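Colleague: I am new to this structure and would be grateful for a close look at one part of it. Please place that part within the whole as you describe it.

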Amino acid sequence: MSRFFGFVKKEFQHIFRDVRTLVILFVLPVVMIVLFGFVVTTEIRDVEVGILDRSMDEASIRATQKIFSSGYFIPAGYLQHEEEIGEFFRSGTAKVVVVFEEDFEKQMQRENRAAIKLIADASDANSAQLSLTYLQGVLMSYFQSVNQDMQLPWSVHVESRMFYNEELKGVYMFVPGLMAMILMLISAMMTSVTITREKELGTMELLLASPLKPREIILGKVTPYVVLSLVNALTIVLLGYLVFDVPVVGSIWLLMLECLLFITLALSLGVLISTNAKTQQVAMFMSMLGLMLPTILLSGFIFPIDNMPKVLQWISAIMPPRWFIVIVKNIMLKGAGFAFIWKETLILLGMTFLLIMASVKRFKIRLN
Amino acid sequence: MVQQEHIIEVKDLVKKFGSFTANDRLSFHVEKGEIFGFLGANGAGKTTAMRILCGLSYPSSGEIMVAGHDVYREREKIKKKIGYMSQKFSLYEDLTVSENIRLYAGIYGLRKKQIATREEQLLERLGMLQIRDRFISEIPLGWKQKLAFSVAIFHQPAIVFLDEPTGGVDPITRRQFWEMIHDATEEGITVFVTTHYMDEAEYCDRVSIMVEGRIEALDTPAALKQQFESENMNEVFLKLARK
Amino acid sequence: MSLIIDHIDKSFGALKALDQIDFEVRDGELFGLIGPDGAGKSTLFRIMASLLIPEAGRCTMHGYDVVKDYREVRKIIGYMPGRFSLYMDLTVEENLAFYARVFGTTVTENYDLIRDVYEQIAPFKKRLAGKLSGGMKQKLALSCALIHRPQILLLDEPTTGVDAVSRREFWEMLKGIQKQGICTVVSTPYMDEAEMCDRVAMIQKGKLLDISDPSRPAPEEAPLLYSLKSNKGVYAYLDQIRNMEACKHAWLFGDQLHVTLRTEEGAVEMRALIESWGDPSITWKAIRPSIEDRFMGLMEHGSESQLTNGEQI
């Protein structure tokens, strides 16, 4: 055991003495979160809004006035038919169209519910999403103020629909996606690099010629990264919550357990890469091309899987981050328990097992 | 030598890195056409001084002339007049013998015709005509070193700097290498060389020995052996460096 | 026997790195392997250290086969690879402590063994290994290789790139370690260092040229080797000596010229030639060949001879 702890201690010393490693470990995740968050939450101003008012009663007119007095939106004119929406979007006259259904005020008073349809041009998905959020906010506060006056328990049903990109998955998922990416980066890339570094420096030759067993070497090398990756996972969740209000609806413990699983998977990938790479450069390159790009492009992190060609959808199914992102999203955003994610968890478990087997088999007790 | 000409003139060369003095008031000269051995323990400051003489870094202070040019103001002129070879870097492994020769000749601005004829002569002399299209990575170390030296003096520089040129080569190749060095001096090239093989110090016309940034001794090998009452240069070196 | 190398072959692709290498090392011996870069020394060390598997032949360390019993082998050897296997971002004492732990021991347990070596670098124990000079790195690497009190010490070119002073000190330390009863195999490209060994194996292009004891002349050698010295320098005479009928080969050797004659009678021709120069400062005498002389002699018999003759300078 002392042998093992000696090894782990040495590994921590490497990490804390190398500025580049420290930057990748602790600065990069924060920068990425903030950058992504910044890109996603740009302020909106003067968004052109078209109005299709089928009731033209007092309530709908007042709601329209509220929208344009909020400061975020400017009027792009009235529409007569729903068919005109496409024309408005195509010509760029409006980015969002608000549709008040017939008998808006009556419905509001009698049935305690009112129907407003928000339709956005989502060819620019981010700003469309933002505009809708702002619009909903404006409308909600207006209805609440009306509600106080009337002392009636009622609700407004705002139904929004996105054109061109119906679900806007990529944007919602930047925290889960980033988590997958950062854990992949740290766990897989850093371990593959740290192991190949020993090969490059020649110290691996000495470790191999010592009584250490291969699994002792591997475990000793990866343990610090397990710890640090977990710290990072927590940091990301915390940053997402504090800075961008991304909630953790489900169990944080379950989330961390799933993170641990994913980290283990990524670490074994890293070990596997290191058994095939002779130099740090090669290891870095393999991790970048083989792991980072698929994580970004094929996991559904940025580009929705449903929109991919079938072949790419199949390929994405063997990308571990894809499943991890689903798990994280379910726990964090939907508050799902284990019952809803056991399938994805099982897939990750299976992958991890295969990768560990492969990397232990490939890790040689000799030089060739 | 009838007229002794100083091809390198160094006066009070000081090089500091922060508070560390790598070269402490070095003063020496190298005569035209001689083999000048530049010895010293690891970290004695040899490499630092050599980089300054090659125009690769500036001294902190001192007057240094190399091939008639000032190292502060005329570095580019110096670079044209010198050749450099080290054990670590000299030839591109993924280029062929012939490509390497042409590359270096081109860098030094030789004309196409000149290159072609001289390349032919060189390969003939080295007995490498049959392997001219082989990659450097495929030829034995001893051949590489000889070729590297030939390439370093291909543009007929006034001085050639050799940084541990014979590390790791077999004893016969090492001697053949030194015979090449002698031949080069007969063509009027001055040789400035560092080595860890003390027997090679004996092949030099004059030898300087650096200890902790200073030149502790400088003379012909024979005179040094007499001065330090030693059998060979190895003993001289040990006596000086162990003080 | 501490170590038996029994007709070992090893190839890397088309390159035959080791060709029927066969020798034994006795208990407590300081055994040298000399040869230029690419001779196959490192490959042989890696086989002895159980890191490579030979294609043919057997290698045993204290009776343990390096292929089958590699676990046992790894417990009893101390190995210092060609490049100093130190962690440059750890301090001197951290490196030592780490290697001690890897071998399941502590620095204090075997301190008496490494004391002579380690005390020279102990003043710098808080310094990062990367900041040490070449000589100090080498001493630290040796301490690390010794820390678990190995029975066989394998040192692959420990003195390459290290200055003459550190090299001399290093060999003195090896002599000290030998007194502790540890069998040492050490390789070097410096022929003069070979003189410090009990026996020396000369290797060239994967082949074992010879094994000799530096302190004893080979019995069959007739006095064919002469050393020539002049105050004027001997280089000027080199061509004339080589053009002599009786000259087999002649090479510069420091400030001397070593001339190997074809026959004992050749000395007559040489005397005549030397006298014709009329250089009063010339001295010449028959000498016993050093390891380097022997190596060069063997090289010219061996495969290199065609190559070297082909390379007319």
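How far apart are the nearest C-alpha atoms of chain A and chain B? With that settled, what does helix α3 of chain C give to the side of chain C that touches chain A?

Modeller: The model is a predicted one. Its chains A and B do not touch, and 17 Å separates their nearest C-alpha atoms. Two pairs of chains do touch, and the pair with the most contacts is that of chains B and C.

The part you ask about belongs to the contact of chain C with chain A, to which chain C brings 23 residues and chain A brings 20 residues. On the side of chain C, the elements giving two or more residues are α2 (70-76), β6 (77-80) and α3 (92-102). Of these, α3(C) gives the most, namely four residues. Sorted by class, this side of chain C holds 12 nonpolar residues, eight charged residues and three polar ones.

Helix α3(C) is itself mostly covered, since eight of its 11 residues are buried. The buried residues are Val92(C), Asn95(C), Leu96(C), Phe98(C), Tyr99(C), Ala100(C), Arg101(C) and Val102(C). They pack against α5 (134-146) of chain C and also against α1 (2-17) of chain A. The packing of these buried residues thus involves a helix of each of two chains. Just beyond the helix, Gly104(C) adopts a positive phi of about 65 degrees.

As for the wider setting in chain C, the domain assignment divides this chain into domain 1 (3-212) and domain 2 (225-288). The C-alpha centres of these two domains of chain C are 39 Å apart.

On the other side of the contact is chain A, whose secondary structure comprises 15 helices and five strands. Of the 368 residues in chain A, 36% are buried. When contacts in chain A with a separation of 6 or more are considered, 79% of them are between residues 24 or more positions apart.

The interior of the model may be described next. In soluble globular proteins, nonpolar side chains tend to be buried together. Here the largest nonpolar core has 220 residues, and those with the most contacts inside it are Leu183(A), Val160(B), Val191(B), Met48(C) and Leu154(C). The element giving the most to this core is helix α8 (residues 174-201) of chain A, with 16 residues. Another core, of 24 residues, lies apart from the largest one and includes Ile51(A), Phe73(A), Ala122(A) and Leu135(A). Within chain B, and with neighbours up to four places away in sequence set aside, Val160(B) contacts Ile82(B), Gly83(B), Ala152(B), Ile153(B), Ala184(B), Ile189(B) and Val191(B).

Chain B, finally, contains an open sheet of four strands with antiparallel pairing, in the order β2-β1-β4-β5. Strands β2 (20-31) and β5 (69-70) of chain B form its edges, each pairing on one side only. Strand β4 (residues 61-66) of chain B is joined to β5(B) by two bridges, and these strands run antiparallel. Val66(B) has His69(B) in β5(B) as its bridge partner. Helix α1 (residues 46-53) of chain B packs on this sheet, where it touches β1 (6-17), β2 and β4 of chain B, and its direction makes about 125 degrees with that of β1(B).

To return to your request, α3(C) is a mostly covered helix, and it gives the most residues to the side of chain C that touches chain A.

Key: Residues are numbered from 1 along each chain as its sequence is written. Chains are lettered from A and ligands numbered from 1 in the order in which they are written. This is a predicted model: local features need pLDDT of at least 70, side-chain atom pairs count only at pLDDT 80 or more; totals for chains, interfaces and linings use all residues. A nonpolar core is a set of buried Ala, Val, Leu, Ile, Met, Phe, Trp, Tyr and Cys residues joined through C-beta atoms within 7 Å. A residue is buried if 20 or more other C-beta atoms lie within 10 Å of its own, exposed if 12 or fewer, and partly exposed in between; C-beta atoms are placed from the backbone. Two residues are in contact if their C-beta atoms, placed from the backbone, lie within 7 Å. Ala, Val, Leu, Ile, Met, Phe, Trp, Tyr, Cys and Pro count as nonpolar, Asp, Glu, Lys and Arg as charged, and the others, Gly among them, as polar. Domain bounds come from an automatic or database domain assignment. Two strands pair if DSSP finds at least two bridges between them. Axes are lines fitted to C-alpha atoms, for helices over the stretch in contact, and angles run from 0 to 180 degrees between N-to-C directions.
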